[in-house]
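Reader: I should be grateful for a close examination of the charged side chains in this model. Please describe how they pair and where they sit, and set them beside the nonpolar core.

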Amino acid sequence: MAITIPEDELIESFVRSSGPGGQNVNKVSSAVQLRFDVVASPSLPDEVKERLLKLAGRRATGDGVIVISANRFRDQVQNRSDARARLAELVTQACIRPIKRRATRPTLGSKQRRLDSKTTRAGVKAGRGKVRMDE
């Protein structure tokens with residue numbers, strides 16, 4: 001399933017980044033905050049929206065907006081592409097429909113092996129009792 005998110009659905013804001021950078025860090029806003037309104041997006045199917053919000057975890061706000069902060073790099077262009085790549089990765093993961101677990105029962109042989117090992121173990125533990133000398 002190929003999903004394309006239009007440019008106008010993404011809101012980018014640039015903030016000052018923490019960490020190393022020398023004098024430059026106080027002047028340049030190199031960190032990127034990417035916002036994507038999942039709930040209002042017409043380009044995603046409903047089931048993908050639900051999975052995407054679940055995958056986003058604490059990056060999703062209560063209104064259904066995903067906020068991705070990128071400040072890994074020292075320049076704005078790299079942080080911008082990093083934030084977009086991380087959003088794309090999230091959307092790609094959300095497109096994958098999870099496989100439902102099919103309930104199964106243990107086989108007769110596996111039940112028997114489990115009971116045999118329990119009996120063996122019980123015998124080992126029973127043999128660890130105190131040794132009586134009166135017999």
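Author: What follows treats the salt bridges one after another and then turns to the nonpolar core.

The model is a predicted one. A search of the whole structure finds six salt bridges. As a general matter, side chains of opposite charge can pair when their charged atoms come close.

Glu 47 is a suitable starting point. Its side chain meets that of Arg 51 in a salt bridge, with an N to O distance of 3.9 Å, which falls inside the limit of 4 Å applied to such pairs. Both residues belong to helix α1, and because they are four residues apart there, about one helical turn separates them. Arg 51 counts as buried, with a relative accessibility of 17%, a value under the 20% limit for that class. Glu 47, by contrast, is partly exposed, at a relative accessible area of 32%.

Glu 47 also forms a salt bridge with Arg 97, in which the closest N and O atoms are 2.7 Å apart. Arg 97 lies in the loop between α2 and α3 (108-126), whereas Glu 47 is in helix α1, so this pair ties together parts that are 50 residues apart in sequence. With a relative accessibility of 55%, Arg 97 counts as exposed.

Helix α2 holds a further pair. Asp 82 and Arg 86 form a salt bridge whose closest N and O atoms lie 3.3 Å apart. The two residues are four places apart in helix α2, about one turn of the helix. Asp 82 is buried, at 9% relative accessible area, while Arg 86 counts as partly exposed, at 27% relative accessibility. In addition, Glu 12, Arg 80 and Arg 84 are linked in a network of salt bridges.

Arg 86 leads on to the nonpolar core through Ile 68. Leaving aside neighbours within four places in sequence, Ile 68 is in contact with Arg 86, and also with Val 32, Gln 33, Leu 34, Ala 83, Leu 87 and Leu 90. Ile 68 is itself a member of the largest nonpolar core, which has 18 residues; together with Phe 36, Leu 44, Leu 52 and Leu 87, Ile 68 touches the most other members. Two or more residues of this core come from each of β2 (31-37), α1 (46-56), β3 (65-70) and α2 (76-95). Helix α2 gives the most, with six residues. Helix α2 thus appears in both parts of this account: α2 holds the pair of Asp 82 and Arg 86, and α2 contributes to the core.

Terms used: Residues numbered from 1 in each chain as written. Predicted model: local features only at pLDDT ≥ 70, side-chain atom pairs only at ≥ 80, totals over all residues. Heavy atoms only, no water. Core = buried A, V, L, I, M, F, W, Y, C linked by side-chain atoms within 4.5 Å. Buried < 20%, exposed > 50% of the residue type's maximum accessible area, 1.4 Å probe, protein only. Contact = heavy atoms within 4.5 Å.
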